[in-house]
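Please open the structure in your viewer and keep the selection tool at hand, as each stop of this tour begins with something to select.

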Amino acid sequence: MTTLRGKVAIVGAADTEVGIVPNIGATDLCVRAALSAMRDAGINKDQIDGLITCDSMAEPIMYHAEAIAEYLQIFPRYCMSVGTGGGTTFSIMHHAASAIATGMADTILIAMADSLRSGLTREQAMLMQSSTGHPQFEQPYGPTVPAYYALIGQAHAAKYGTTAEHLASVAVACRKHAALNPTAQMREPITVEDVITSRMIADPLHLLDCSLVSDGGSAVILTSAERAKDFAQRPVYMLGVGEGHGHEHISQAQSLTTSAAVESGQRAYQMAGLTAADMDFAQLYDCFTPTVIVELEDLGFCAKGEGGPFAASGAIELGGSLPINTHGGMLSHCHPGNPGSMFALTESVFQLRGSVAPERQVKGAEVAMVHAQGGIMSSHTSLILGNEVN
Amino acid sequence: MEKILPPINAISQPYWDGCQQGVLRVQRCITCGHLQLYPRIFCTQCAGEDLDWIDVSGKGTIASYTVVTRGISKAYSAPYVVSLIDLDEGPRMMSSIVDSDGTGLEVGMSVEVAFEPWSETIMMPVFKLL
């Protein structure tokens with residue numbers, strides 16, 4: 001079996017303005033992201049022969065990728081849209097890499113955007129996202145999205161003694177990084193005290209344990225490692241990728257406290273020939289603070305059950321042993337729904353190019369873990385990116 | 001505004017019929033005896049397709065819970081408790097704990113099923129502390 005290790009590289013990456021971005025719909029925002037990524041890569045639209053998009057909640061389109069191709073007036077030979085976010089967003093990186101390796105396409109644009117903040121009412125956004133629950137056996141009980149994740153947080157607290165302060169330290173680290181990022185939606189520094197005294201949403205999750213509701217779009221361009229050398233930017237290579245899929249509904253999860261990030265991580269590390277200790281930074285999916293604690297453990301950055309103390313030690317802050325979510329994460333940078341994890345990907349590209357502002361740049365960064373999950377800790381994809389293929 | 005009512009189908013009908021009669025049921029594989037919830041058209045353990053239903057005790061323990069303080073809609077008056085319950089017979093299910101505002105709740109506590117009328121045709125299985 002051929003390996004995808006080092007076979008493809010990200011040669012273009014860009015975000016739109018994020019946060020509250022009124023007066024532009026999700027479709028236009030997706031195209032804006034796409035155009036910006038092409039500009040970053042130094043190519044024109046005719047050089048794109050593959051397109052992957054993610055459907056929007058605010059402006060749903062049945063044939064989303066086809067609609068974006070039509071809007072751009074490009075005529076790809078590989079075109080696909082996905083309907084969900086989180087881990088799915090990164091699993092399409094897996095698909096795109098495979099498509100390039102097998103010759104289905106040479107240069108693939110991955111673009112997505114949504115307007116959860118300006119395009120939907122608060123109630124609509126909440127109901128649409130909570131529809132991830134089982135229609136008969138979960139949804140009637142009224143779990144909100146924070147409630148689903150609170151079940152994980154509570155179980156982790158009961159089993160390992162994870163405290164509200166441990167969870168809060170994740171939000172504090174993300175905000176600290178967002179404060180250094182002019183594009184982030186929330187930049188005012190916060191303390192652990194601020195988090196644990198913010199309004200309770202679903203015990204043990206306070207308001208500041210929850211990610212933002214945002215507008216925004218993001219895009220990357222992928223091509224083969226050989227072709228990547230001809231592009232304007234320093235290529236960022238995919239060294240490893242792995243997926244793990246444990247369940248869809250939280251009531252069916254095999255474990256509330258250990259996730260399929262174990263499998264996705266192992267698969268990615270094995271492909272890359274690297275371990276957690278090799279990672280210079282990590283972008284971990286932070287829709288709610290407990291997910292980061294579980295991912296730190298399941299991806300091997302600390303022992304099982306030690307995620308809380310590890311986060312609270314400061315290790316996850318810039319300057320620590322494993323800075324995470326260096327752009328501010330979905331807790332503080334932005335979270336426009338399905339595209340949420342894309343911003344962790346583009347940030348990783350910028351970090352590995354060494355093009356981030358000095359105060360936010362991870363010094364000497366060469367390899368990174370970029371992980372996302374979707375559903376309720378359901379589907380996981382781990383990417384290992386690096387700026388060299390050794 | 002109404003609460004979210006379960007869209008019952010042919011496979012799940014016996015479950016909801018049981019709730020109407022005041023009994024909690026789970027699906028049983030006739031071939032291997034595996035118990036499962038939610039109901040499916042096959043047994044996830046042995047892949048057998050001969051399934052029936054058994055009444056369970058309605059007793060279980062709290063696997064996890066949360067107190068929702070910002071409700072999903074006006075039909076749900078916060079605070080309310082959403083919980084995952086491990087039934088004594090094995091299967092895990094989501095439900096509410098209706099006689100608690102969350103104070104003093106802990107993972108591992110014992111609970112027992114009760115039924116609440118949510119519509120003319122739906123009795124919802126909910127739980128109370130034992």
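Begin by selecting residues 164-178 and 289-298 of chain A, which are helix H6 and helix H10 in this predicted model; their axes come within 8 Å and cross at roughly 95°. Because angles of 65 to 115 degrees count as roughly perpendicular, H6(A) is described as roughly perpendicular to H10(A). To see where the two helices touch, show the side chains of A:His166, A:Leu167, A:Val170 and A:Ala171 in H6(A), which meet A:Thr289, A:Pro290, A:Val292 and A:Ile293 in H10(A). Colouring this contact by residue class gives six nonpolar residues, two polar ones and no charged ones.

Next, select the strands of the sheet in chain A, where nine strands follow the order S3-S2-S4-S7-S1-S8-S11-S10-S9 in an open sheet with mixed pairing. Strand S3 (78-82) and strand S9 (281-284) of chain A stand at the edges, and since each has a single partner strand, one side of each is left without a neighbour in the sheet. On average, neighbouring strands of this sheet are turned by 25° against each other, with direction ignored.

Staying with this sheet, pick out strand S2 (residues 50-54) and strand S4 (residues 107-115) of chain A, which pair in the parallel sense over four bridges. Which residue of S4(A) is the bridge partner of A:Ile52? Label A:Ile110, and you have that partner. Now add helix H2 (residues 64-72) of chain A, which lies across S2, S3 and S4 of chain A and runs at about 120° to S2(A).

Then bring chain B into view and select the place where the two chains meet: 26 residues of chain A are in contact with 31 residues of chain B. On the chain A side, helix H4 (122-130), helix H5 (145-160) and strand S5 (200-202) each supply at least two of the residues that touch chain B, and the largest share, six residues, comes from H5(A). By class, this side of chain A has 15 nonpolar, eight polar and three charged residues.

Finally, select chain B alone, whose secondary structure comes to one helix and eight strands, with the helix preceding the strands in the pattern α-β-β-β-β-β-β-β-β along the sequence. The C-alpha atoms of chain B fill a box of roughly 45 × 35 × 20 Å along the principal axes, and the radius of gyration of chain B, 15 Å, agrees with the value near 14 Å that a compact globule of 130 residues would have. Of the 130 residues in chain B, 33% are buried.

Notes. Residues are numbered from 1 along each chain as its sequence is written. Chains are lettered from A and ligands numbered from 1 in the order in which they are written. This is a predicted model: local features need pLDDT of at least 70, side-chain atom pairs count only at pLDDT 80 or more; totals for chains, interfaces and linings use all residues. Two strands pair if DSSP finds at least two bridges between them. Axes are lines fitted to C-alpha atoms, for helices over the stretch in contact, and angles run from 0 to 180 degrees between N-to-C directions. Two residues are in contact if their C-beta atoms, placed from the backbone, lie within 7 Å. Angles under 35 degrees count as roughly parallel, over 145 as roughly antiparallel, 65 to 115 as roughly perpendicular and the rest as oblique. Ala, Val, Leu, Ile, Met, Phe, Trp, Tyr, Cys and Pro count as nonpolar, Asp, Glu, Lys and Arg as charged, and the others, Gly among them, as polar. The radius of gyration is taken over C-alpha atoms; the globule rule is 2.2 Å times the number of residues to the power 0.38. A residue is buried if 20 or more other C-beta atoms lie within 10 Å of its own, exposed if 12 or fewer, and partly exposed in between; C-beta atoms are placed from the backbone.
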